[in-house]
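Here are three short exercises. Try each task before you read its solution.

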Amino acid sequence: MTNPKETRSYNHQMETFTEALATARQMQQDWLSYGLNFIHLYVDDVDGDWLDTWENDEIFANPVLDHIKEFLVSDDILAVRLRNYLGERSLFDLAVNLEEMWRITPASERLATVKNILAIGETDDVDISDLADSLLNKLTETL
Amino acid sequence: MLKATLYFVVKYKISIDIFLGAQKNQSVEVLLMTAKSYSYSKVGDRLQAKEIKDKLKSLIEQASSIDSNLAKKLDEINRWVKDIKPGSLTAKPLVLAFLLEVITDAKIWLIIQSLPSEAEKAAKFEQMTPNERYWYGYLFPKWINATDAKFYIWKQKLMAGEFNQEDDDIIKTIAQHIASRNGNVWQRYIADLSMATDLIVSNHQQQPLCIQITSVSEELNRQKYQAWESTLRSWEIERGLFLSYNPQNANFINQLVNVTLYNSDYLVDGKYLKFS
């Protein structure tokens, strides 16, 4: 399928509500005409190397968080247990909370904090204690 | 020549336009319009893909003081894009289309959220079509605030190239038919990836209806239907239409469009209707 020949400016029209909504509508209209190819109207180098060179910026780069996230989605038996336990709750939120705990909480209070992070209501649950304990050990080993 | 001069002028100092206009006895508006339409049509106005990342970053900063959940979500997207290893030809256009949509929607949301009073916010929603209002006022904020269990699956979907050009063409064709019959359609990649919704459609009654269109075989269909219904319920989408089609049937597009427009007007809340 050929790409659309026209082009659209995205930059100039996003300051006010009316402009932003008009942009959203125009993009929608362009999708209606071209399907996914509409993106070529707006972006010059769709097939360039932008995705390969998309790096975290220094402001947001956070190796600890990245490490925790990687662990949480891994095949590690503890990670699987955690995901089962969490159900629909967000892994990203858990990762953010754990990273914060790692950065801020004194070592002596970490276990209690991890329990709190994991707990939904009651914090005395044996499962949660065990899970929190294993998780903290894992983090201590790997971070 | 005048156009070239104007382009230069617009690029560097807009006030010179006024001076030029006065000199040539042209109204300022006419000059500005010419300059504006000229600059809009030049090829260089398209974004470089890398600029999208800058836009995302600046939105994260903006959002952090207005809506921290949105900032978190955008930051998550920023990190998530980094890890995408494109596994198919459609991955790059799809990721860009998704990003540009999220940036536009986030911008609209932030503009509304920065308004000082509820009345002013409500007035902005009043300017929207029913589909837009449903999206920006209901589903998009739900997505911002939800712990989206499907979020991690997205990346895998994109990398595996699960995006299907044929399905996309059929969805687009159905959307075109609906639009040509004065129905309204709204398509969102977030709705597609997270909410099992290919299109949001409204008709005479202005009641947005979420629809999913699929071509899978009968046996798989049942499973897919159940997963679809539970996804819709989990997002508190009150009703929905699950359309499966047989591409052998020459008239299937018209049938699907008829069913969609009718049900958009008449399907009651709490119903998740399957049509095949």
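**Exercise 1. Decide whether Leu199(B) is buried or exposed, then find its surroundings.**

Solution. The model is predicted.
- Step 1: count the neighbours. Leu199(B) has 26 other C-beta atoms within 10 Å.
- Step 2: apply the cut-off. A residue is buried if 20 or more such atoms lie within 10 Å. Leu199(B) is therefore buried.
- Step 3: place the residue. Leu199(B) belongs to strand E2 of chain B, which covers residues 199–202.
- Step 4: list its contacts. Leaving out residues up to four places away in sequence, Leu199(B) touches Ile171(B), Ala175(B), Val185(B), Gln187(B) and Ile211(B).
- Step 5: check one distance. Leu209(B) is 10 residues from Leu199(B) in sequence, and their C-alpha atoms are 8.1 Å apart.

**Exercise 2. Describe the side of chain B that touches chain A.**

Solution.
- Step 1: count both sides. On chain B, 45 residues are in contact with 38 residues of chain A.
- Step 2: find the helices. H4 (49–66), H5 (68–82), H6 (91–113) and H10 (165–180) of chain B each supply at least two residues to this side.
- Step 3: pick the main contributor. H6(B) gives the most, with 13 residues.
- Step 4: sort by character. The residues on this side of chain B are 21 nonpolar, 7 polar and 17 charged.

**Exercise 3. Sketch the make-up of chain A.**

Solution.
- Step 1: count the elements. Chain A has 7 helices and 0 strands. Its pattern along the sequence reads α-α-α-α-α-α-α.
- Step 2: look at burial. Of the 143 residues in chain A, 21% are buried.
- Step 3: look at contact range. Take the contacts in chain A with a separation of 6 or more: 47% of them join residues 24 or more positions apart.

Definitions and conventions
Residues are numbered from 1 along each chain as its sequence is written. Chains are lettered from A and ligands numbered from 1 in the order in which they are written. This is a predicted model: local features need pLDDT of at least 70, side-chain atom pairs count only at pLDDT 80 or more; totals for chains, interfaces and linings use all residues. Two residues are in contact if their C-beta atoms, placed from the backbone, lie within 7 Å. Helices (H or I, at least four residues) and strands (E, at least two) are DSSP runs, numbered from the N terminus. Ala, Val, Leu, Ile, Met, Phe, Trp, Tyr, Cys and Pro count as nonpolar, Asp, Glu, Lys and Arg as charged, and the others, Gly among them, as polar. A residue is buried if 20 or more other C-beta atoms lie within 10 Å of its own, exposed if 12 or fewer, and partly exposed in between; C-beta atoms are placed from the backbone.
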